[in-house]
Amino acid sequence: MWPIVQSCLLVLVAFIFQATVVPHMAVSGAKPDIVIIITALYGFTYGPQIGTVAGFFGGLLGDLLSGSHVGIGLISKSIVGFFAGLVKRAIFVENMLLTMLAIFIATCINQFIYVGFMFLLGETTPIKVLVTGIVLPSATYNAILAPFVYMMLRRFMVFKQEAPVVRIAKKYD
């Protein structure tokens, strides 16, 4: 239960940071998405359930702030959190290059899901502008920031050691 509460609190802090500071960190129009970085890192660390909850909460906050198309960010970030949790065993969060690559891919997936839903709602963006102007710059920015965000998150994350379950047969009770 604690990782769920903890992820929601950190996503809330990240959302406040995202809404207040990140607009001033834009480089050539590209802005980092701290919420998706935290969502993916929680998914990598705790699995699909916690990743999905973090994505759901972060996407909901983002959608409520934007005021239009409520639910699209919620769905896209939840999906990213879920799939980040599925690759939990394959990504060693301690290896920063793998983590940066995974955050890059997670950001691309989030952007393409979001744009896919926007396309279904009738809003189109040329693919060249989408890839070169939005997806790649923000994914690169997120990948560069991922080690720094992870170092800050690591102080708050409680890592669970998996121990084998030992059962005693009933006849020995």
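A nonpolar core is taken here as a set of buried Ala, Val, Leu, Ile, Met, Phe, Trp, Tyr and Cys residues joined through side-chain atoms within 4.5 Å. In this predicted model, the largest such core has 30 residues. Those with the most contacts inside the core are Ile-34, Ile-37, Ile-38, Leu-41 and Tyr-42. Six helices each supply at least two residues of the core: α1 (2–20), α2 (34–46), α3 (48–66), α4 (72–86), α5 (96–120) and α6 (127–154). Helix α2 gives the most, with 10 residues.

The wider setting of this core is an all-helical arrangement, since the protein chain holds six helices and zero strands. Read from the N terminus, the order of elements is α-α-α-α-α-α. Of the 173 residues in the chain, 41% count as buried. Among contacts between residues at least 6 apart in sequence, 75% join residues at least 24 apart.

Val-149 offers a handy example of such a long-range link. This residue is found in helix α6 and has a relative accessible area of 8%, which is under the 20% cut-off, so Val-149 is buried. Leaving out residues up to four places away in sequence, Val-149 touches Ile-34, Ile-37, Ile-38 and Leu-41, and these four are among the residues with the most contacts inside the largest core. For Val-149 and Ile-38, the separation is 111 residues in sequence but 7.5 Å in space, C-alpha to C-alpha.

Attention now turns to the aromatic rings, where the structure holds two aromatic pairs. Tyr-42 and Tyr-46 form a stacked pair, with 5.5 Å from centre to centre and 20 degrees between the planes. Both tyrosines lie in helix α2, four residues apart, which is about one turn of the helix. Tyr-42 has 0% relative accessibility and therefore counts as buried; Tyr-46, at 15%, counts as buried too. The other pair joins Phe-82 and Phe-83, whose ring centres are 5.4 Å apart; their planes meet at 80 degrees, so this pair is edge-to-face. With buried meaning under 20% and exposed over 50%, Phe-82 is partly exposed because its relative accessible area is 37%. Phe-83, at 48% relative accessibility, also counts as partly exposed.

A further contact set concerns Ser-78, placed in helix α4. Ser-78 has a relative accessible area of 11% and so is buried. Once neighbours within four places in sequence are set aside, Ser-78 is in contact with Thr-52, Gly-55 and Phe-56. These three partners fall within the residue range of helix α3, 48–66.

The search for open space brings up a pocket that may interest readers who work with grids. The largest pocket has a volume of about 920 Å³. It is lined by 35 residues, and the closest to its centre are Gln-18, Asp-33, Lys-77, Gln-111 and Tyr-114. Helices α1, α3, α4, α5 and α6 each give two or more residues to the lining of this pocket. By residue class, the lining divides into 14 nonpolar, 16 polar and five charged residues.

Notes. Residues are numbered from 1 along each chain as its sequence is written. This is a predicted model: local features need pLDDT of at least 70, side-chain atom pairs count only at pLDDT 80 or more; totals for chains, interfaces and linings use all residues. Side-chain values use heavy atoms; hydrogens and water are left out. Buried means under 20% relative accessible area, exposed over 50%, partly exposed in between (1.4 Å probe, protein chains only). Rings of Phe, Tyr and Trp (its six-membered ring) pair if their centres lie within 6.5 Å; planes under 30 degrees apart count as stacked, over 60 as edge-to-face and the rest as tilted. On a 1 Å grid over the protein atoms alone, a cavity is a set of points where a 1.4 Å probe fits but cannot get out, and a pocket is an open set with protein on both sides within 12 Å along at least five of seven lines; lining residues have an atom within 4 Å of a point. Grid points are joined across faces, edges and corners, and a volume is the space filled by probe spheres set on the points. Ala, Val, Leu, Ile, Met, Phe, Trp, Tyr, Cys and Pro count as nonpolar, Asp, Glu, Lys and Arg as charged, and the others, Gly among them, as polar. Contact means heavy atoms within 4.5 Å.
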